[in-house]
Amino acid sequence: MRSVFFEHNNDLSRYTSRKSPWILVYFKEFETKTEALKEELRLKKLNVASIERLVSNFQIE
């Protein structure tokens, strides 16, 4: 299965093909899809300053 980033960065996604290359700057794992979708909605509501703070504080464990 191809990753989402592979599709975005290789012009295989019609929605984001002109906005590449993408760089992964933040990720979080969840037990369920429901939890992940709730977090996605929360992140989409954040303002720019909050997103920048989240990304700058992110560390891979």
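**Reading a small helical chain**

Biologist: I'd like to start with one residue. Which class does Phe58 fall into, buried, partly exposed or exposed?

Modeller: Phe58 has a relative accessibility of 24%, so Phe58 counts as partly exposed. The general idea is a scale with two cut-offs: under 20% is buried, over 50% is exposed, and in between is partly exposed. Please keep in mind that this is a predicted model.

Biologist: Can we practise on a few others? Which classes do Phe27, Val25, Val55 and Ser56 belong to?

Modeller: Let's take them one by one. Phe27, with a relative accessible area of 36%, is partly exposed. Val25 lies in the loop between helix 1 and helix 2, and at 44% relative accessibility Val25 counts as partly exposed. Val55 sits in helix 3 and is partly exposed too, at 29% relative accessibility. Ser56 is also in helix 3, but its relative accessible area is 56%, so Ser56 is exposed.

Biologist: And what share of the chain is buried?

Modeller: Buried residues account for 10% of the 61 residues. The accessible surface of the chain adds up to about 5,900 Å², and carbon and sulfur atoms hold 55% of that surface.

Biologist: Let's step back to the fold. How many helices and strands does the chain have?

Modeller: A good habit is to list the elements in order from the N terminus. Here there are 3 helices and 0 strands, and the order reads α-α-α. The radius of gyration is 13 Å, well over the 10 Å that the globule rule gives for 61 residues, so the chain is more spread out than a compact globule. Along the principal axes, the C-alpha atoms fill a box of roughly 30 × 25 × 25 Å.

Biologist: Now the aromatic rings. How many aromatic pairs are there?

Modeller: The structure holds 2 aromatic pairs. One is formed by Tyr26 and Phe58: their centres are 5.2 Å apart, with 65° between the planes, and the pair is edge-to-face. This pair links distant parts of the chain, since Tyr26 is in the loop between helix 1 and helix 2 while Phe58 is in the segment after helix 3, 32 residues apart.

Biologist: What about Phe27 and Phe58, and why is that pair called edge-to-face?

Modeller: To name a pair, look at the angle between the ring planes: over 60 degrees counts as edge-to-face. The planes of Phe27 and Phe58 stand at 70° and the ring centres are 5.4 Å apart, so this pair is edge-to-face. It also links distant parts of the chain: Phe27 is in the loop between helix 1 and helix 2, and Phe58 is in the segment after helix 3, 31 residues apart. Taken together, Tyr26, Phe27 and Phe58 form one aromatic cluster.

Biologist: How far from Tyr26 are the C-alpha atoms of Val55 and Ser56?

Modeller: Here you compare the separation along the chain with the separation in space. Val55 and Tyr26 are 29 residues apart along the chain, and their C-alpha atoms are separated by 6.0 Å. Ser56 and Tyr26 are 30 residues apart along the chain, with 9.1 Å between their C-alpha atoms. For another case, Val25 and Leu43 are 18 residues apart in sequence and 14 Å apart in space, C-alpha to C-alpha.

Biologist: My last topic is pockets. How much space lies in the largest pocket, and which residues are closest to its centre?

Modeller: For a pocket, I look at the volume and then at the lining. The largest pocket holds about 580 Å³ of space. It is lined by 20 residues, and those closest to its centre are Phe5, Leu24, Tyr26, Glu40 and Leu43. Helix 1 (4-9), helix 2 (33-44) and helix 3 (48-57) are the elements that give two or more residues to this lining.

Biologist: Which helix gives the most, and what classes of residue make up the lining?

Modeller: Helix 2 gives the most, with 6 residues. By class, the lining has 15 nonpolar, 1 polar and 4 charged residues.

Notes. Residues numbered from 1 in each chain as written. Predicted model: local features only at pLDDT ≥ 70, side-chain atom pairs only at ≥ 80, totals over all residues. Heavy atoms only, no water. 1 Å grid on protein atoms, 1.4 Å probe; cavity = no way out; pocket = protein on both sides within 12 Å on 5 of 7 lines; lining within 4 Å. Points joined across faces, edges and corners; volume = space filled by probe spheres on them. Helix = DSSP H or I, 4+ residues; strand = E, 2+ residues; numbered from the N terminus. Nonpolar A, V, L, I, M, F, W, Y, C, P; charged D, E, K, R; others polar. Rg over C-alpha atoms; globule rule 2.2 N^0.38 Å. Buried < 20%, exposed > 50% of the residue type's maximum accessible area, 1.4 Å probe, protein only. Areas by Shrake-Rupley, 256 points an atom, 1.4 Å probe, with all protein chains shown as cover. Phe/Tyr/Trp six-rings, centres within 6.5 Å; stacked < 30°, edge-to-face > 60°.
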